[in-house]
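Student: I have a two-chain model open and would like to test the vocabulary used for it. Could we go through it together?

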Amino acid sequence: MFRVEVLPGGSSQAQPGYTYVTDRGLGPSQAATAPTLSRKRGIRDAGKGGDISSQRANAIARHIAELNKENHRDVQIAVPVKQAKEAGVRKTREKTTSNVRRILQSQKTFNNYLDDEEAAIAQGGGGLSAFQGGGNANVTAKGAGKAAATAAARRSSTPATGPAKKATGRKRILAEANSASQSAAESSQTEAADGETQTQAEESRPRLLKTEHDNDPLLRSYAPNMPSDRIMQRLLAEPPLSYNASRAAPPLASQPPRGFCCICGYWGKIRCKNCHVRTCGLDCYRLHEDSRCGAFY
Amino acid sequence: MGTSKARASTAAAKAAKPAQAPEAPSQNLPDKTFIIDNGAYTMKAGYAADSAEESLSACTSIPNCLVKTRDGSIVVGPQLATNVSDWNEAMFRRPVEKGYLVNWEAEREIWEQCFFEEKATARNRNIRIASPEETTLILTEAPNAMPALQRNTDEMVMEEWGFGGYLRCLGPTLNAWNEVNTLFGDPLARKPGADILPTDCLLIVDSGYSHTTVTPVYRGVAIQRAIRRLDIGGKLLTNYLKEVVSMRQYNMVDETYIMNEVKEAVCFVSNDFSADMERTYKGNVKRQAPSDDSVVVDYVLPDPNAKRKGFMRPYDPLLEAKKKKGALSGLSAETLSEDVLVLGNERFTVPELLFNPGDIGMKEAGVPEMIMQSLSVLPPGLHAAFLANVLVVGGTSLIPGFMERLETELRQIASADCVVRVRRAEDPVRSTWMGGSCLAHSREELSKVAISRQEYQEYGSGWACRKFAGIA
């Protein structure tokens with residue numbers, strides 16, 4: 001037996017999206033197989049228990065959308081109509097172009113633009129932001145090198161890697177990326193092979209004094225080297241990520257979410273048996289039960 | 001789709017590059033530079049000043065909104081300070097949504113009233129643009145803006161007002177032009193009289209009204225792949241405080257402005273969350289005379305009829321009982337009529353969202369971890385340089401305790417080899433604007449990135465978009 005649940009949309013607006021979830025002992029056919037579960041509790045617990053997630057996630061998404069509103073109520077605030085005299089003065093300054101008229105009359109909101117962008121990315125266009133997935137996951141330095149290589153492959157105008165020696169150039173980039181990530185010793189080699197740009201930069205930079213202790217294993221610095229200028233140029237030339245790709249990822253250490261009392265804000269130690277909200281103690285629980293039990297956010 | 005068209009024509013532009021792009025840019029940017037840091041809450045505007053001292057007076061903050069007051073009249077941003085005295089139930093319309101300039105209908109009205117008034121008055125003396133044709137405009141935008149919105153912005157600026165020169169750039173990057181060495185306690189890198197150059201490595205944390213972003217800036221250019229955003233800013237905090245107070249005390253859901261003032265007055269970031277929680281627990285708050293070191297405070301709400309502003313004072317647990325007795329208890333009529341919000345754990349659980357977005361179920365990391373996420377996509381060689389130069393700007397960073405908490409938590413999760421230095425700009429709200437003022441002074445750098453009116457007219461808005469994205 002299955003039940004249909006509305007999925008929490010990652011999108012900005014409420015959109016239909018459904019999933020089939022297993023149903024535990026709700027229907028009359030199953031009541032006999034699970035006699036210990038009273039039907040009432042089954043109905044009340046629908047979507048709770050093991051799989052509360054979609055329902056809660058929906059409530060959280062609604063709550064956050066609520067918190068992002070400018071005003072609590074929906075109000076239309078029209079731009080005040082100008083005095084005819086004043087408007088006349090302004091009109092004379094310049095004729096409005098069709099672009100300006102289109103922009104001024106557009107009633108699109110941020111969410112419309114966001115959906116447009118997502119649709120464009122889904123179709124493979126993506127506008128100015130060419131590779132979207134790149135920043136979303138944890139890309140290591142090696143991945144950075146690869147991305148830079150693909151960028152180089154796409155953009156022929158990037159310096160140094162001419163079409164004639166493209167294959168060697170790409171190899172060198174990978175070597176550079178490796179050096180940047182790990183070994184400081186290797187990097188000196190590759191940088192030596194790096195060509196004119198590097199040496200030029202070296203000259204302009206103030207040089208450190210050389211002493212005989214430089215190679216002393218106790219005194220050596222194991223800090224990774226600054227990446228070479230070429231890598232920096234590649235990094236800086238990358239196109240921006242899309243709006244959704246640049247959002248901060250969920251925290252790594254997945255601590256259980258902290259619960260707070262819905263009445264007074266202290267630690268939520270006990271959970272209401274009817275709805276999932278927490279309260280700190282019996283005082284607050286009674287208040288909650290009397291007034292707002294069952295209300296979702 | 002305009003965006004995909006722009007993309008397709010990029011390739012064409014590449015092929016025909018020598019023919020299209022001018023070899024020596026025939027740029028003659030106008031001398032006067034006007035800078036607008038177009039924030040969602042306030043915009044910071046003014047002409048580029050000659051020195052840091054002057055720039056403070058040259059920069060004006062203007063609320064970037066239309067307000068509908070309780071009696072139904074609609075007031076535009078620049079007139080708010082003088083024309084609105086009753087902020088109860090004021091409704092806002094902001095052209096900048098989630099940090100991005102979306103609604104040009106409203107924004108044009110605000111800009112017209114701020115910058116393009118026909119007559120020069122005392123109010124707009126510093127910010128009036130008499131002839132846009134002879135002015136270069138530096139306009140900031142939030143990172144990761146949609147190409148469609150960027151294009152709209154370019155078209156409005158160049159076609160509606162026709163500025164002589166124009167630069168649209170990421171707001172955080174401008175901060176690198178400020179002099180930050182003294183802030184971090186480094187020796188001055190630039191000699192007096194030498195050319196102004198941007199700081200080498202700077203990690204900008206911009207905590208504003210709509211969101212909090214982390215932007216690593218290398219020599220004045222943002223590293224796009226490492227820009228991260230947390231969707232929590234001043235607006236969400238105000239709304240959350242509003243919701244919590246409405247649930248526990250008075251219904252304040254329509255009082256955005258007042259709750260914003262309450263937030264600015266009372267909220268702080270706790271450096272010991274659980275201890276502060278214990279101190280505000282109702283079982284631990286003793287019925288005693290008001291003391292100064294208590295976390296719990298009273299906030300007296302403003303009374304527009306008596307022309308009194310809201311203010312904070314230490315919590316008086318006996319006040320409620322005294323009020324019940326009425327005039328017998330010897331309280332003045334003024335005290336009896338006032339409305340008081342008692343704020344305990346609300347003071348620090350609300351800004352706590354910046355560090356624990358999970359408290360409202362948001363699946364994003366807090367600010368310190370977001371910084372580490374941003375660095376994780378960069379070569380390890382850069383980590384130390386950025387961690388040692390974290391600059392915090394934006395109005396939300398003014399919440400007391402924010403800096404200490406950020407530095408402590410960042411220190412805990414950063415590698416032990418790295419030095420962690422977190423500093424707040426002297427004026428976090430106007431720091432970006434002042435950076436723009438510095439950039440305006442190095443004409444050479446400015447002419448590399450800005451476009452002139454002739455170029456726009458010749459190559460169009462698609463080219464302008466690519467130019468500002470650093471592709472053309």
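Student: Which strands of chain B does helix H10 lie across, and at what angle does H10(B) run to S15(B)?

Tutor: This is a predicted model, and in it helix H10 (residues 256–266) of chain B lies across S15, S16 and S17 of chain B. H10(B) runs at about 145 degrees to S15(B).

Student: What makes S16 and S17 of chain B the edge strands?

Tutor: The order of this open sheet is S16-S15-S17 (chain B), with antiparallel pairing. Strand S16 (311–314) and strand S17 (340–343) of chain B each pair on one side only. From one strand to the next, the twist averages 30 degrees.

Student: How do you know that S15(B) and S16(B) pair?

Tutor: Pairing requires at least two bridges between the strands. Strand S15 (residues 297–300) of chain B and S16(B) have 4 bridges, in the antiparallel sense, so by that definition they pair. To see the register, look for Tyr299(B), which stands opposite Met312(B) in S16(B).

Student: What makes S3 and S20 the edges of the sheet of 6 strands in chain B?

Tutor: That open sheet runs S3-S2-S1-S9-S10-S20 (chain B), and its pairing is mixed. Strand S3 (60–63) and strand S20 (451–452) of chain B each have a single partner strand, so one side of each lacks a neighbour in the sheet.

Student: How many bridges join S1(B) to S9(B), and in which direction do these strands run?

Tutor: Strand S1 (residues 32–38) and strand S9 (residues 135–141) of chain B run parallel and are joined by 5 bridges. The cut-off is at least two, so this counts as a pair. Within it, Thr33(B) stands opposite Thr136(B) in S9(B).

Student: Which helix lies across S1, S2 and S9 of chain B?

Tutor: That is helix H18 (residues 431–441) of chain B, which runs at about 155 degrees to S1(B).

Student: Why is H18(B) called largely enclosed?

Tutor: A residue is buried if 20 or more other C-beta atoms lie within 10 Å of its own. In H18(B), 10 of the 11 residues are buried, so the rest of the structure largely encloses this helix. Among them are Trp433(B), Met434(B), Cys438(B) and Leu439(B). For chain B as a whole, buried residues make up 53% of the 472 residues.

Student: Now the contact between the chains. Why is H5(A) called oblique to H6(B)?

Tutor: Helix H5 (residues 98–105) of chain A and helix H6 (residues 147–161) of chain B pack at about 125 degrees, with axes 9 Å apart. That angle makes H5(A) oblique to H6(B), because 65 to 115 degrees would be roughly perpendicular and over 145 roughly antiparallel. The crossing of H5(A) and H6(B) is left-handed.

Student: Which residues make that contact?

Tutor: H5(A) contributes Asn99(A), Val100(A) and Ile103(A), while H6(B) contributes Asn152(B), Glu155(B), Met156(B), Glu159(B) and Glu160(B). In this contact of H5(A) with H6(B), 3 residues are nonpolar, 2 polar and 3 charged.

Student: How many residues does each chain give to the whole contact?

Tutor: Chain A gives 68 residues and chain B gives 81 residues. The elements giving two or more residues on the side of chain A that touches chain B include helix H3 (53–67), H5 and helix H11 (229–237) of chain A. This side of chain A divides into 40 nonpolar, 19 polar and 9 charged residues.

Note on methods. Residues are numbered from 1 along each chain as its sequence is written. Chains are lettered from A and ligands numbered from 1 in the order in which they are written. This is a predicted model: local features need pLDDT of at least 70, side-chain atom pairs count only at pLDDT 80 or more; totals for chains, interfaces and linings use all residues. Axes are lines fitted to C-alpha atoms, for helices over the stretch in contact, and angles run from 0 to 180 degrees between N-to-C directions. Angles under 35 degrees count as roughly parallel, over 145 as roughly antiparallel, 65 to 115 as roughly perpendicular and the rest as oblique. A crossing is left-handed if the near helix is turned anticlockwise from the far one by less than a right angle, and right-handed if clockwise. Two residues are in contact if their C-beta atoms, placed from the backbone, lie within 7 Å. Ala, Val, Leu, Ile, Met, Phe, Trp, Tyr, Cys and Pro count as nonpolar, Asp, Glu, Lys and Arg as charged, and the others, Gly among them, as polar. A residue is buried if 20 or more other C-beta atoms lie within 10 Å of its own, exposed if 12 or fewer, and partly exposed in between; C-beta atoms are placed from the backbone.
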